[in-house]
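Reader: Before I accept any label on this structure, I would like to hear what stands behind it. Please take the labels in turn.

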Amino acid sequence: MLRRNGTASDLTRTFRTQAASAACRTCCSRREICMVKTVQPVKTYLVATLAALALAACNLNNAPSNAVTKVTVNPASASLTKAATKVFTVNVTGTGTYTKDVTWSSNNVAVATVDPTSGEVTAVSNGTATITATSTFDTSKTGTASVTVAGSNSVTGVTVSPATLSLQPGATDTLMATVQGTGSYATTVTWTSSNTGIATVSASGVVTAVSTGTAIITAKSTADSSKSAAAQVTVGNANSLARLTVTNLDGGPFPAWLSFNKIDRTKDGSTTIVQPSAAQHTISRVQLSNTGSDPLLVTPSVSGNFVLPDGVNQRTIAPNQSVTVSVQFTGSGSTVQTGTLTLTSTDPTKPSTSLKLAGAWQPTIESNPEPSTAQLINQVLGFKTVIPSGAAINEAGRVFAQGDEVISPYWQKADAAKAVNVWQIASYHTIDNPATLSWYARPTSKGSAAVKGIVASAGSDAQALFPRNNADLSKAARVDGTPPGKTFGFRVDGSEWSDPSFNLHNPDVNAGCTGPCGQHLRFFKAKDPSGAVMPNTYLLIMDYSGINYDYNDNIFLLSNLKPAPVLIDTGLGIDAASRGNVGVLAPDNNVWISDQYNYDFTPKGGVATVQTYKAFTPTEAYNEPNISNPCGADVPGTTNDVLYKTYRGNTSKATPDDRTLIYNVPLENGTYPVTLHFIDLYSSTVGQRVFDVTSGSTTLISNLDIFSKVGACAAYDQTVNVPVTNGVMNLTFKASADYPAIAAIEINRP
């Protein structure tokens, strides 16, 4: 509303002025019509003023913001040598009013650093780094450049191989020098000898032995004389009577193999373990003896993550004297690490002797990666026994032979006149818990087993190779012992037996064992580093029930052993209250076990039950005679009468085609001499009971008629060779008349 002459007038007419319209078109991107209300008459100055006001309003509403839009670093990339510097520049663009300041940073200061204000980059080490300039006005706006650092043309090191030489006077050998460096550099060296009276060296590295003694041959870089490496040359006398004998003071298992283990930190990871640790086998020792009549010079050297902690690099040994050389494992990072101990000597018959070094490493006690059973036995201890690696060893306690495994719940001495040597060579169970190995004479039931301790390893060494004897820490957990009977089994602590039927089945079944279960102690043929079988020597590995089935909890080496025969008294009844194998003591002083046993089982979330494992099918086949025995107490044809008082054969099947009895006995592959013990308690005529005995597709006995062989109530035995190719011995008894009958199965070892 405007006033003229003191009078107010409503403005009802809207008009568009040319000036106002032009202003709006210039200012407003939407080209909206600018509306002005006025009165008549309109003066020129008023129209101009309104147009100017409209233009100012449009400019105010659509003015550009103050913002950084882009940060560019120059150059975008650069290559520098170590310690070189370069200043990077930056270009910051934007709209409105803004600052052009930036802060500089590097994503890898180990490769290149940058001054945060000047942009000067300093190369530190080889690699690539990203240099970033960040706007201080808007930290979301950055620019980057890539910096690559490459070494300058320089020599970084020299190596010489071999590190030691042993020569007789007049002999020659060649040393090889390798020069390492960065960029472009010379790879040539100059050779020198510390004592040319003992050994000389040519410009090409050919060493010539001159006289008895030791010389150091050095290769020095021609490009950088501060870089060099050396080899030790020992010159012996070809007529010397010095003789070197090396003895592994660990006691074995192999004279030329030293084994170690090392753990860096305590169980909770809070404390670094001081090395060497008595509770770990970080140091092994060898004894060097001069059994000759001339002085012996020996120079030891090691490769890999091993050191000579005594710091003595050369030993002079008088005749009939000995010295001890210690080797310490210092490695970390890899579960298994190897190296070599080289002994260069003046013994002309053995100028150079090498011993294998192998160490097992863990970051913390009881932690992963923990060395597996296969790693410990084969890679660290030096055996070549075939053992499943990793998770493949986990059969959840199922009785089944893998690799070089031997299925044998019970054992006998190989040489009855000698002791059995028992040695715990590894222990990887809960720290501070001793482990006791015991043995027991083969019992007629678990409850009647008389257990006798053999040796216990120290709880402090529960994560170590060659744990110490718990009764005397100055000794190894190794003894010679006499078993308590002709046939005997083993037990670890109070819970794990070599007879699987005595062990808890519940954890195994719940873990997926399909039966038979309880195989918590397992035995493998011991093979030396060449792969040859070590006579009468076995590795016993074990796992505590239901833990993780890795079988490295305790590992023993057992010598002077052989697997006992598998003796099964078929048809022998079992008491409902019994658990595990039950048997009878025959007059031959052998215990024969039943072909079935009871065990306790509680399914997950279920109710406790008693289950019966049966080695035969159909499982309905019952013990005979199930009525009074028609024969007398004496059984003709045998002194083991008790075996023939019962037998199994009646399958309870009416159809002749179903009158088949099958036994499946877990065993390692091979061919076994098996004696089958028969008796017919009921037949009175020839042809009344006839059956075949087969194993897979192999016929062992055809149309056997016991009565026709020996008549009724008399023992009849027949030995057959039975092949095992799939880890299970199959014996099938199929009748063509009446039912088959088998009184006992005697499986002898090949």
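**Labels and their grounds**

Author: In this predicted model, strands 16, 20 and 19 form, in that order, an open sheet of 3 strands with antiparallel pairing.

Reader: What makes strand 16 (172-174) and strand 19 (199-201) the edge strands?

Author: Each of them pairs on one side only. From one strand to the next, the twist averages 20°.

Reader: How do you know that strand 19 and strand 20 pair?

Author: Pairing takes at least two bridges between the strands. Strand 19 and strand 20 (residues 206-209) have 3 bridges, in the antiparallel sense, so they count as paired. V201 stands opposite V207 in strand 20.

Reader: Why is the link of C513 and C517 called a disulfide?

Author: The cut-off for two cysteine sulfur atoms is 2.5 Å. Those of C513 and C517 are 2.1 Å apart, so the pair qualifies. The angle about the S-S bond is -110°, and the link is left-handed.

Reader: Why do C513 and C517 count as buried?

Author: Buried means under 20% relative accessible area. C513 has 8% relative accessibility and therefore counts as buried. C517, at 4%, counts as buried too.

Reader: What joins C631 to C713?

Author: A disulfide joins them, with an S to S distance of 1.6 Å. That value is within 2.5 Å, so the definition is met. This pair links distant parts of the chain, 82 residues apart. C631 is in the loop between strand 53 (623-624) and strand 54 (647-648), while C713 is in the loop between helix 5 (706-710) and strand 59 (716-724).

Reader: Why is the disulfide of C631 and C713 called left-handed?

Author: The torsion about its S-S bond is about -65°, so the disulfide is left-handed.

Reader: Is C631 buried or exposed?

Author: C631 has 15% relative accessibility, which is under 20%, so C631 counts as buried.

Reader: How many disulfides does a search of the whole structure find?

Author: The search finds 2.

Reader: Which residues touch the most other members of the largest nonpolar core?

Author: They are L676, F678, M729 and F733, in a core of 50 residues. Leaving aside neighbours within four places in sequence, F733 is in contact with residues including L661, Y663, L676, F678, F691 and I742. Another core lies apart from the largest one; it has 27 residues, among them A360, L376, Y428 and A526.

Note on methods
Residues are numbered from 1 along each chain as its sequence is written. This is a predicted model: local features need pLDDT of at least 70, side-chain atom pairs count only at pLDDT 80 or more; totals for chains, interfaces and linings use all residues. Side-chain values use heavy atoms; hydrogens and water are left out. Buried means under 20% relative accessible area, exposed over 50%, partly exposed in between (1.4 Å probe, protein chains only). Helices (H or I, at least four residues) and strands (E, at least two) are DSSP runs, numbered from the N terminus. Axes are lines fitted to C-alpha atoms, for helices over the stretch in contact, and angles run from 0 to 180 degrees between N-to-C directions. A nonpolar core is a set of buried Ala, Val, Leu, Ile, Met, Phe, Trp, Tyr and Cys residues joined through side-chain atoms within 4.5 Å. Contact means heavy atoms within 4.5 Å.
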